[in-house]
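This report asks how the strands of the model are arranged and what surrounds its ligands. The sequence and the structure come first, and the description follows.

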Amino acid sequence: MKMLITGGAGFIGSHLAEFYCDKKYEIFILDDLSTGHRSNVEFIDDKHFIKSCITNKSLVEDLIKKEQFDIVIHLAAVVSVVESINNPIRSQKINIDGTLNLLETNRRHNENLKRFIFASSAAVYGNTKSLPKKTDSFIDPESPYAIEKYTGEQYTKIYNNLYKLPTTSLRFFNVYGPRQDPNSPYSGVLSIMKSKFANNETFTFYGDGKQTRDFVYVKDLVQAVSVVINNEESSGEIFNLGTGKQISLINMFEKFEILYKRTIDKKFTTVRSGDIKESYAQIEALKNLGYSPKYSIEEGLEEYINYVGS
Ligand code: NAD
Ligand code: UD2
């Protein structure tokens, strides 16, 4: 099986690439290395690594025409909400035009396509109060990033309705695990907490630390993707991808204390503007296809903390 992973050199993409390489899929990665790293996927040779932007139409067309991928996992995006706020035209070009370009190129030139998976985000729900977040809950995007993810998933869905492309969108909740980059204040909070514990530095809570999130370990995300790939009924659907459970930041900090067998300084500052108080996913639809998160928060954290590497 031939698979294209856009954004495959990033945090999530590198885990998918690793998993499917082990399964002997022929993996191609299309990545401009804007936030990803070539070193995340050293097991992919240069012939299968294309360093380019997804908006490069002729390159994408040539690649898809030539390779006739069975599966496309589309992760490449401007992933930072702040960057999308600072430069909405650029993020729109990559997150919407880039996605549409991939869909259209597959429609026109790839009759072999069996599954196209789009990485959407819980960001589409915005700051709505209803819990758990359901795929038919009210949508209230609060950033260009969230609008772009919503648009991307709607295009993905309409390409199934109109042209019968086998497309699926997954709304990722808060994913964590090895290779998540902790170096920006807007990096995933658990990557920041881990780095603070490892370096014995102060962790800052924005607010009282009682806000909750649905933290999903990256290997459970990989399992969910494989469930989607293996189920034809996933075509044309949009699923939440989380664990169905919420946990507060304070509670997570305590779990780090137990695993590190020590503590670090903590301080509390003002809540981030637009911060969501509580969030967790309803995941029944994906469970009905066979998805079952395997990692409890303790198991995921333990594997993450003991991971050798960044
Ligand atoms: P990441 O930054 O580690 O990975 C993104 C990858 O895409 C990087 O390797 C980057 O170099 C590449 N990329 C960016 N723009 C590109 C372009 N124009 N052309 C080609 N490659 C490009 O981020 P991640 O956390 O692995 O996110 C993967 C996907 O999942 C993204 O679409 C993101 O929006 C989505 N997502 C992630 C989370 C999370 O918790 N990490 C939550 C919701 C949604
Ligand atoms: C996630 C996404 C974001 C956007 C948003 C939409 C990630 C990494 N971020 O933001 O891109 O989709 O959902 O809802 O997936 N926090 C601290 N201290 C820190 C860092 C964070 O207290 O040093 C708090 C932060 O204020 C928030 C919580 O931790 O309350 C989680 O923060 P996050 O940035 O990991 O994720 P989130 O859900 O805010």
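In strand 4, which spans residues 71–74, Ile 71 and Ile 73 point one way while Val 72 and His 74 point the other way, and all of these residues are buried. The model is a predicted one, and every value in this report is to be read with that in mind. In a regular strand the side chains alternate between the two faces of the sheet.

Strand 4 has a pairing with strand 1 (residues 2–6), in the parallel sense and over four bridges, and in that pairing Ile 5 stands opposite Ile 73. Strand 4 is also joined by four bridges to strand 5, again with the strands running parallel, and there Phe 118 of strand 5 is the bridge partner of His 74. Strand 5 also holds Ile 117, which counts as buried because its relative accessible area is 2%, below the 20% cut-off for that class. The C-alpha atoms of Ile 117 and Ile 71 are 8.1 Å apart in space, although the two residues are 46 residues apart in sequence.

Strand 5, residues 115–121, leads to the first of the two ligand sites, since it is one of the elements that each supply at least two residues of the shell around ligand 1, together with helix 1 (11–22) and helix 5 (144–163). Which element gives the largest share of the shell around ligand 1? That share, three residues, comes from strand 5. Of the 28 residues around ligand 1, those that come nearest are Phe 11, Asp 31, Thr 35, Leu 75 and Tyr 145. By class, the shell around ligand 1 is made up of 16 nonpolar, nine polar and three charged residues.

Ligand 2 has 19 residues around it, of which Val 189, Thr 204, Tyr 206, Arg 213 and Asp 275 come nearest. Its shell divides into 10 nonpolar, six polar and three charged residues, and it draws at least three residues from each of domain 1 (2–174 + 217–242) and domain 2 (176–213 + 245–282 + 291–306). Helix 6 (189–199) and strand 8 (203–206) each supply at least two residues of the shell around ligand 2, and strand 8 gives the most, with four residues.

The following table sets out polar atom pairs between the protein and the two ligands.

| Ligand atom | Protein partner | Distance |
|---|---|---|
| Oxygen of ligand 1 | Phe 11, backbone N or O | 2.8 Å |
| Nitrogen of ligand 1 | Ile 54, polar backbone atom | 3.0 Å |
| Oxygen of ligand 1 | Lys 149, side-chain N or O | 2.8 Å |
| Oxygen of ligand 2 | Asn 174, polar side-chain atom | 3.0 Å |
| Nitrogen of ligand 2 | Thr 204, polar backbone atom | 2.8 Å |
| Oxygen of ligand 2 | Asp 275, side-chain N or O | 2.5 Å |

On its own, ligand 1 has 820 Å² of accessible area, and the protein covers 92% of it. Ligand 2, taken alone, exposes 730 Å², of which the protein buries 85%.

Strand 8 also shows an alternation of its side chains, in which Phe 203 and Phe 205 point to one face and are buried, whereas Thr 204 and Tyr 206 point to the other face and are not buried. Both Thr 204 and Tyr 206 are among the residues that come nearest to ligand 2. Strand 8 is joined by four bridges to strand 13 (residues 266–269), and these strands run parallel; within this pairing, Phe 205 stands opposite Phe 268 in strand 13.

Two polar residues complete the account. Where does Ser 187 lie? Ser 187 is found in the loop between strand 7 (174–176) and helix 6, and it counts as buried because its relative accessibility is 14%, which falls under the 20% cut-off. A polar atom of the side chain of Ser 187 lies 3.5 Å from the backbone nitrogen of Asn 183. Asn 106, for its part, has its place in helix 4 (residues 88–109), and it too counts as buried, at 0% relative accessibility. The side chain of Asn 106 makes a polar contact, at 3.0 Å, with the side chain of Asn 110.

Terms used:
Residues numbered from 1 in each chain as written. Chains lettered and ligands numbered in written order. Predicted model: local features only at pLDDT ≥ 70, side-chain atom pairs only at ≥ 80, totals over all residues. Heavy atoms only, no water. Near = heavy atom within 4 Å. Polar contact = N/O pair within 3.5 Å; in protein donor to acceptor, adjacent residues only side chain to side chain. Areas by Shrake-Rupley, 256 points an atom, 1.4 Å probe, with all protein chains shown as cover. Nonpolar A, V, L, I, M, F, W, Y, C, P; charged D, E, K, R; others polar. Domains from an automatic or database assignment. Buried < 20%, exposed > 50% of the residue type's maximum accessible area, 1.4 Å probe, protein only. Pairing = 2+ DSSP bridges.
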